Amino acid sequence: MRELPTNIFICLLLTLCSCNQNSKQEKSAVKNIDTITTGIENIQKREPFKQVVDNLPNELLEFVPKNYSVLDTVSGDLNLDEINDYILVLKKNDEDTLSDVIDNPERRPLLILLRNKDNKLQLARKNNNTVYCIDCGGMMGDPFMGVTIKNGYFSVEHYGGSAWRWTRIITYKYSKQDNEWFLHKDGSESFHATEPEKVESKIKTTKDFGRVKFETFDIYREE
């Protein structure tokens, strides 16, 4: 077999290494996005979210209305300016006695807080209908599992049911062009507790629901 000249062999080797590195980078980029948008299969393995946040920084306290507490607070870059912002999830202090999942579910406001040029937090957007109520989880109790933020995406995660279990993850994506957050994915799973391996999955994207602004999304709206 005829040997390749040394310079050609080196060029081929460098090309292969470059292709392999590009492939790894592409896979990594996809993984970074999918981590926040397709984590449905892992949510039922987590502990229920039972925390009420105390000892808040003063800059957050001004956004908490009277008779409300902070159910969750998460920091991350929400508008792709490389500055950490905040999401606050609020709950009414007596929601456990007020909420009626059938006729009057007690709303839990979700606030998007951005830092301005003076490093001061400002309320950018608010939605009262993107976090399920305290008794919306059926026999499993409070279905809220938390919020995650990553690179302009953020997801609100839920898990509930009884014999039949379900998960639901609502994911939003920031658009620099519109300076707006839009619904990106609405994913859900259901399975029977006795057969957790038999999972039915459903993921809706913009092809299904179009362009839906964060402020107008309603998790309680029937399909």
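Strands S3 and S4 form a hairpin with five residues between them, and Asn-119 in the turn has a positive phi of about 65 degrees. Helices (H or I, at least four residues) and strands (E, at least two) are DSSP runs numbered from the N terminus. The model is predicted: local features need pLDDT of at least 70, side-chain atom pairs count only at pLDDT 80 or more, and totals for chains, interfaces and linings use all residues. Residues are numbered from 1 along each chain as its sequence is written, and side-chain values use heavy atoms, with hydrogens and water left out.

**The four-stranded sheet**

The hairpin belongs to an open sheet of four strands in the order S1-S2-S3-S4, with antiparallel pairing; two strands pair if DSSP finds at least two bridges between them. Its edge strands are S1 (68–76) and S4, each of which pairs on one side only. Neighbouring strands are turned by 25 degrees against each other on average, direction ignored, where axes are lines fitted to C-alpha atoms, for helices over the stretch in contact, and angles run from 0 to 180 degrees between N-to-C directions.

Strand S3 (residues 110–115) is mostly covered, with six of its six residues buried, that is, under 20% relative accessible area, as against over 50% for exposed and in between for partly exposed (1.4 Å probe, protein chains only). Leu-110, Ile-112 and Leu-114 point one way from S3, whereas Leu-111, Leu-113 and Arg-115 point the other way. S3 is joined to S2 (residues 85–92) by four antiparallel bridges and to S4 (residues 121–127) by six. Examples of residue pairs, including one from the other sheet, are tabulated here.

| Residue | Opposite residue | Strand of the opposite residue |
|---|---|---|
| Ile-87 | Ile-112 | S3 |
| Tyr-86 | Leu-113 | S3 |
| Arg-115 | Leu-121 | S4 |
| Tyr-174 | Trp-181 | S8 |

**The five-stranded sheet**

A further open sheet has five strands in the order S5-S6-S7-S8-S9, with antiparallel pairing. S5 and S9 (195–205) stand at the edges with a single partner strand each, so one side of each is left without a neighbour in the sheet. The average turn between neighbouring strands of this sheet is 15 degrees, direction ignored. Twelve bridges join S7 to S8, which run antiparallel.

**Nonpolar cores**

A nonpolar core is a set of buried Ala, Val, Leu, Ile, Met, Phe, Trp, Tyr and Cys residues joined through side-chain atoms within 4.5 Å. The largest has 26 residues, and Leu-110, Val-147 and Phe-154 have the most contacts inside it. At least two residues of this core come from each of S1, S2, S3, S5 (144–150), S6 (153–161), S7 (164–175) and S8 (180–192). A second, separate core of eleven residues includes Phe-63, Val-64, Leu-88 and Leu-111.

**Loop residues with positive phi**

Most residues other than glycine have a negative phi. Asn-67, although not a glycine, has a positive phi of about 70 degrees and is found in the loop between helix H3 (58–61) and S1. Asn-179 has a positive phi near 50 degrees. This residue lies in the loop between S7 and S8 and is partly exposed, with a relative accessible area of 42%.
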